[in-house]
Each structure stands twice: as C-alpha cells, then as structure tokens.
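User: I am new to this structure and would be grateful for a close look at a single part. Please take one helix, describe how its faces are arranged, and then follow its surroundings outward.

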Amino acid sequence: MTNRPTPRISSRKQPRQARSTELVTAVLEAAVQVLKQEGIRRFTSARVAERAGVSVGSLYQYFPNKAAILFRLQSDEWRRTTEQWGTILGDVTKPPHERLRSLVHTFIRSEVEEAAVRVALDDAAPLYRDAPEAREIHAEGDRIIERFMREALPAASDATRDLIGDLVVTTITAVGKEFSGAPRTETEINTYADAMADMFCAYLSRCDLDARGRGTETD
C-alpha cells in the first residue's frame, strides 16, 4: 500500500507588515464564513480567496493549501482554549472546585457558541490531527491539567491524577460536542453545565478522600 503524503499545514511565512497582517486576517475571516455557509465539503482555497477579496496567489503566499487554512483556524481555537483553561485552572486565589466549575461553564458555553465552525473543523481533523504542530499545542494543555490535578488531589499518586485528569478532559470535550449539536437556550446551558460541574466536583472530592484514607493507612 502506498502511503499518502501528509499535506503541509504550516503557514509559508508570517505577516510582518500591517498590510500583510490585514490580508491574513481577511483570509481567516473569509474561511470561517465559507465553513459556516458551505461546510467542509465545498471548502476550497479558491472560495476563501474569492470571499476575502484577494487573489489565490496572494493567499498562497501565506497558506500553501486548504489544510493550512483549516489548521490555522483550528490551532488558533486550540490556543484560545488552552489559554482559557490555563487562566481559569491556574487562578490559585480560588479553590480547585470553584475553578473546575468555572471551567465547565465557560467551555460548554463556548462549544455552543462556536458549534457551526467546530463541526466543520472536526470533519477536517484527519488532515492535521497527528501533525507535530497539533501535538505541541495539546502537550501544553496536558501540562495545565497536570498542574491543576496536583492541587486538587495532593494526596493522590501521579498515576491516579493522570487517570482522573484524562477522564475529566475526555468527558467534558465529548459531552460538550454532543450537547452543542443542537441550539441551546441560556437556561439549558446553565442547567447542563451546573449538573456536569456537580458531577466532576463530587468525583474529585471522593477521589481526594480515598487518596487521603490510603495515605493514613500506610503512615
């Protein structure tokens, strides 16, 4: 079987002048509009260039193909989410459970608000899911969760904290995706987020008690 080459997803170059920055911004905004209105199946570099009001040649100066445009949109979203999680979970002025509750509410709300683009980007994920650039972004998210779990579960082992952190992240992302698949009211968002936060906080409390109990037994 012949291996298909992985498409290049890195930008060709970074804009250095205001005019170049404006062009890249226009391309990315046009890409979002094309995704929302036409979906991933009809998404092409030519359609994006036309919507942005620039030539395909100008677009190719910064994005070698449509995969690069999609990855830029996706990576920007991943970075915003990672920064958001880092800010919320890293706020040591608040107890861990309060931080976790705030994270759940913020994430669920953003999933609902960005559902149209997120679905399209999920459909395009095979183009860049295993790329080194994607792994680097996810690695920072993993470090944020690890730091938070050390605070929330100080008596637990590293293996236990890793397991619980992975469970929380997997659950919140999977459920957020499913929940945002239909239009939601403000009441529905708050009710759903409260229920999920209650579940996570109760689970962390039980795990913390279990870990402290095992520590006492071995002292």
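Analyst: The part chosen here is helix α8, residues 158-179, whose 22 residues should span 32 Å at 1.5 Å a residue; the C-alpha atoms at its ends lie 31 Å apart, which agrees. The model is a predicted one, and the values below are computed from it.

The buried residues of α8 are R161, I164, G165, V168, I172, G176 and F179. Viewed down the helix axis, these buried residues of α8 fall within an arc of 100 degrees, so they line one face of the helix. A general feature of helices helps in reading this pattern: with 3.6 residues a turn, an α-helix has residues three or four places apart pointing the same way. On the face of α8 that is turned away from the buried side, the exposed residues are A159, L163, D166 and E178.

Helix α7, residues 132-152, can be examined in the same manner. Its 21 residues should span 30 Å at 1.5 Å a residue, and its end C-alpha atoms are 30 Å apart, which agrees. Buried in α7 are A134, I137, I144, I145, F148, M149 and A152. Seen down the axis of α7, its buried residues lie within an arc of 135 degrees, so they too line one face of their helix.

Both helices take part in lining an enclosed space. A search of the whole structure finds 1 cavity of 30 Å³ or more, and the volume of the largest cavity is about 50 Å³. Its lining consists of W85, L89, L100, L103, I145, F148, M149, G165, V168 and V169. Helices α4, α5, α7 and α8 are the elements that give two or more residues to this lining. Among the lining residues, G165 and V168 are buried residues of α8, while I145, F148 and M149 are buried residues of α7.

Helix α8 also contributes to an open space. The largest pocket has a volume of about 1,400 Å³. It is lined by 43 residues, of which E77, W78, T81, H138 and T173 lie nearest its centre. The elements that give two or more residues to the pocket lining are α1 (18-38), α4, α5, α6 (115-124), α7 and α8. Of these, α8 gives the most, with 10 residues.

Two residues named in these linings, W78 of the pocket and W85 of the cavity, also belong to aromatic pairs. The structure has 3 aromatic pairs in total. In one of them, the rings of F71 and W78 have centres 6.3 Å apart and planes at 75 degrees, so the pair is edge-to-face. Both F71 and W78 are buried. In another, the ring centres of W85 and F107 are 5.7 Å apart and the planes stand at 85 degrees, so this pair is edge-to-face as well. The pair links distant parts of the chain, with W85 in helix α4 (residues 66-89) and F107 in helix α5 (residues 96-113), 22 residues apart. W85 and F107 are both buried.

A last point concerns the cysteines. C201 counts as buried at 8% relative accessibility, and C207 is buried with a relative accessible area of 11%. A search of the whole structure finds 0 disulfides.

Notes:
Residues are numbered from 1 along each chain as its sequence is written. This is a predicted model: local features need pLDDT of at least 70, side-chain atom pairs count only at pLDDT 80 or more; totals for chains, interfaces and linings use all residues. Side-chain values use heavy atoms; hydrogens and water are left out. Helices (H or I, at least four residues) and strands (E, at least two) are DSSP runs, numbered from the N terminus. The expected span of a helix is 1.5 Å times one less than its number of residues. Buried means under 20% relative accessible area, exposed over 50%, partly exposed in between (1.4 Å probe, protein chains only). The arc is that of the directions from the helix axis to the C-beta atoms. A disulfide is a pair of cysteine sulfur atoms within 2.5 Å. Rings of Phe, Tyr and Trp (its six-membered ring) pair if their centres lie within 6.5 Å; planes under 30 degrees apart count as stacked, over 60 as edge-to-face and the rest as tilted. On a 1 Å grid over the protein atoms alone, a cavity is a set of points where a 1.4 Å probe fits but cannot get out, and a pocket is an open set with protein on both sides within 12 Å along at least five of seven lines; lining residues have an atom within 4 Å of a point. Grid points are joined across faces, edges and corners, and a volume is the space filled by probe spheres set on the points.
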